[in-house]
Amino acid sequence: MSTRPEPQPFSTQPVSFVRRGSRLQGRRRDAWAELSEGLVVDVPRNTAADTSVDPAWEYDAAASFGRDAPLVVEVGSGLGEAVAAAATADPDRNFLALEVYKPGLAQTLLRIDQGGLTNVRVAQVNAAEALATMIRPASVAELWVFFPDPWHKTRHHKRRLVKDSFVALAGRVLSPGGILRLATDWSDYAVQMRAAADDSPLFENLHDGERAGSDSPLTQIWASGVEHEVGGTPRREGREPAGTASAQEGEDSIGGWAPRFDGRILTSFENKAHDAGRSIFDLAYRRVR
Ligand SMILES: C[S@@+](CC[C@H](N)C(=O)[O-])C[C@H]1O[C@@H](n2cnc3c(N)ncnc32)[C@H](O)[C@@H]1O
């Protein structure tokens with residue numbers, strides 16, 4: 001008899017999002033009614049949740065886009081600023097936006113329409129479920145997660161999207177040589193992301209060891225001891241946030257931070273972080289096997 005635990009169904013796992021209103025109004029409601037066909041992936045559900053995915057169903061990207069082209073998947077695409085700009089700049093690649101927030105997807109449809117884009121599709125799904133079964137193995141050229149919800153409180157850290165299990169899912173969907181790009185404006189989440197990806201034998205850091213020590217944005221934040229909350233009071237960071245394997249107290253000896261990804265436009269979200277004096281942490285990993 002096997003002693004291995006049964007995999008937990010997604011409906012029992014903590015999710016990285018809160019249910020926000022999905023009612024559409026005005027232009028977004030019209031956009032959903034008029035533009036969905038052919039742009040919104042019709043995902044079969046396996047529970048009552050409108051973000052669930054029937055695990056027996058697979059997404060056929062070539063059929064969905066009507067062509068074979070490298071596929072970029074953005075997880076948590078928000079209002080679609082980044083994906084629409086990237087798809088405009090790179091018409092030879094297909095872009096799939098995964099988001100739970102329906103008004104955000106409706107706004108993305110408006111951007112697709114305004115830009116006359118033919119290389120973007122959107123899906124209202126819990127990305128973790130989509131990456132586990134819906135997206136075909138080794139079918140993705142790049143997987144992007146920009147500014148996932150930080151879930152600040154320690155008791156909420158289990159809700160964070162980017163963790164070991166997520167990196168394993170990224171390894172599942174990325175083709176060998178495929179790229180995982182991550183960005184956050186929270187230092188302790190950045191440390192968690194880096195640890196999760198560094199620990200995976202499937203990935204290599206494209207900027208291994210770069211920007212370590214005094215050049216590391218992490219060292220600078222630890223030295224100041226303060227990160228600024230957007231629109232709120234300053235938030236103190238411990239010198240050595242949980243999960244850090246840094247050998248030197250107070251200095252980030254690991255580094256590995258990527259330069260800012262130039263394929264990501266400055267979204268209003270990232271701009272607000274800059275305005276508040278926050279550091280942005282970029283990470284880029286390649287699937288090596
Ligand atoms: C802080 S926002 C950032 C949005 C966008 N990436 C940006 O930079 O402006 C995080 C987004 O991730 C979405 N999200 C969180 N968990 C998700 C999940 N499991 N699957 C899909 N989307 C998710 C949220 O609804 C939210 O729109």
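**Two positive phi angles and a mostly nonpolar ligand shell**

Ala 138 sits in the loop that links helix 5 to strand 4 (140-146). In this predicted model, Ala 138 isn't a glycine, yet its phi is positive, at about 55 degrees. As for its surroundings, Ala 138 has 14 other C-beta atoms within 10 Å, so it counts as partly exposed, the class between 12 or fewer and 20 or more.

Arg 211 is another non-glycine residue with a positive phi, this one near 50 degrees. Its place is the loop running between strand 6 (203-205) and helix 8 (217-224). Here the count is 20 other C-beta atoms within 10 Å, and Arg 211 is buried because the cut-off is 20 or more.

Turning to the ligand, 22 residues are found around it, and those that come nearest are Phe 17, Gly 76, Gly 78, Ala 127 and Phe 269. Strand 2 (94-99) and helix 5 (127-134) are the elements that supply two or more residues to this shell. Helix 5 also borders the loop that holds Ala 138. Sorted by class, the ligand shell comes out as 13 nonpolar residues, seven polar ones and two charged ones.

As for the protein as a whole, it is built with nine helices and nine strands. Of its 289 residues, 41% are buried, and Arg 211 belongs to that buried class. Contacts reach well along the chain, too: taking those between residues at least 6 apart in sequence, 76% join residues at least 24 apart.

Key:
Residues are numbered from 1 along each chain as its sequence is written. This is a predicted model: local features need pLDDT of at least 70, side-chain atom pairs count only at pLDDT 80 or more; totals for chains, interfaces and linings use all residues. A residue is near a molecule or strand if its C-beta atom, placed from the backbone, lies within 6 Å of it. Helices (H or I, at least four residues) and strands (E, at least two) are DSSP runs, numbered from the N terminus. Ala, Val, Leu, Ile, Met, Phe, Trp, Tyr, Cys and Pro count as nonpolar, Asp, Glu, Lys and Arg as charged, and the others, Gly among them, as polar. Two residues are in contact if their C-beta atoms, placed from the backbone, lie within 7 Å.
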